[in-house]
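Here's a quick tour of the model, with stops at the spots a backbone check might flag. Have the viewer open while you read.

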Amino acid sequence: MTRGFALTLDAVMATTVAVAIVIAIINMLPLTSVNYFDKQQLASIGNDFLAVMDLSGKFRSYIGQTSSQINKSLGEELQLLPKTYCGNVTVKIYTGNIGPPITFTLGNTYNNFTSGCIRKQEITKTKRIFVNFDPQRFGLAELELWLK
Amino acid sequence: MKGQLFSLDLFVALSIFFAVIAIVAYFWLVMPSTRPFDIQEKANIVAEFLTSTKLGDENVLDCSKITNLSLESSPQIIKNRLNVNPYDIFVEFKNTTVMCNGKKTNIGSPISSTSIASVVKIVYVDGQRMQMIVRLYD
């Protein structure tokens, strides 16, 4: 009885410590890798890009423009990204009724991407919503970013 | 028989224990685990310092800080103000020809050595959108 108990307790303690260490190491490894910085930087630049486009009124200025004008402008704005980055930006503009009930109707979708980029699997996505009051429009901007 | 089994168990447990200590020591001493993270964080803090602290305007450049720093000729004072010691710093603005006070102003000076940390931020001021690159040098 004593022997069995002593063996089990010992094994449980050893296993617990081993598992805790393995988990700690697995958690530490991403922080020490370059890949972690790349992902962090991708997300950061994605948020910056959308925030600056919104702050500068660029998104709101698209309301009333033609699709070709907006798509061309989006392509030019993507040149703000560092040269080693690829981006695919999509802007959706909705008309809305502030309820009740609240309803949004998709008007148009505009898109452009960095030329010469091949889409990869590891992509970071960021989103931002914006509002225009006159005329009343709601927008959703999405940016996919990846490294060349 | 009982003593032998117990010893084996103890041996296994002690082996795991020492292996764990060895692995932890390896991560603490051998791998430069937290250093890149710390330096990168320092560069991030500089980028945040140079932009507005006003909520919602985090991507707007603070021209007063940039102008004051660019007027400072002593690299050591710039380093002290930005709290980046012991590293050298160069803050560069790209994709624009004008910004604060109508002219483009970099901070610090480029160094030929390879930077050890680099943070890119897309910023906005006076109708201009641009890249701000904060580089720290060893």
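## Phe18 in chain B

B:Phe18 sits in helix α1 of chain B, which covers residues 2–30. Keep in mind that we're looking at a predicted model here. Is B:Phe18 buried or exposed? It counts as exposed, because just 10 other C-beta atoms come within 10 Å and the cut-off for exposed is 12 or fewer.

For a sense of scale, try B:Phe18 against B:Ser70: they are 52 residues apart along the chain, and 54 Å separates their C-alpha atoms.

## How chain B is put together

Chain B has four helices and four strands. Reading from the N terminus, the order is α-α-α-α-β-β-β-β.

Of the 138 residues in chain B, 25% are buried. If you take the chain B contacts between residues at least 6 apart in sequence, 58% of them link residues at least 24 apart.

## Positive phi in two loops

Two non-glycine residues of chain B are worth a click. B:Asn101 has a positive phi, near 55°, and lies in the loop between β1 and β2 (107–108). With 12 other C-beta atoms within 10 Å, B:Asn101 is exposed.

Then there's B:Asp126, where phi is also positive, near 50°. Its home is the loop that runs between β3 (115–125) and β4 (128–137) of chain B. How exposed is B:Asp126? Partly, because 13 other C-beta atoms lie within 10 Å of its own, while exposed would call for 12 or fewer.

## Cis peptide bonds

Next up, the omegas. In chain A, the peptide bond between A:Asp134 and A:Pro135 is cis, with omega about 0°. A:Pro135 is in the loop between β3 (124–133) and β4 (136–147) of chain A.

Chain B has a cis bond to look at too: B:Asn85 to B:Pro86, omega about 10°. Here the proline, B:Pro86, falls in the loop between α4 (75–82) and β1 (88–94).

## The nonpolar core

Which residues have the most contacts inside the largest nonpolar core? From chain A they are A:Ile45, A:Phe49, A:Val91 and A:Ala141, and from chain B they are B:Val46, B:Val123 and B:Met132. The core has 50 residues in total.

Let's zoom in on A:Val91. Setting aside neighbours within four places in sequence, A:Val91 is in contact with A:Phe59, A:Tyr62, A:Leu74, A:Tyr110, A:Gly139 and A:Ala141. One of these partners, A:Ala141, is itself on the list of residues with the most contacts in that core.

Methods
Residues are numbered from 1 along each chain as its sequence is written. Chains are lettered from A and ligands numbered from 1 in the order in which they are written. This is a predicted model: local features need pLDDT of at least 70, side-chain atom pairs count only at pLDDT 80 or more; totals for chains, interfaces and linings use all residues. A residue is buried if 20 or more other C-beta atoms lie within 10 Å of its own, exposed if 12 or fewer, and partly exposed in between; C-beta atoms are placed from the backbone. A nonpolar core is a set of buried Ala, Val, Leu, Ile, Met, Phe, Trp, Tyr and Cys residues joined through C-beta atoms within 7 Å. Two residues are in contact if their C-beta atoms, placed from the backbone, lie within 7 Å.
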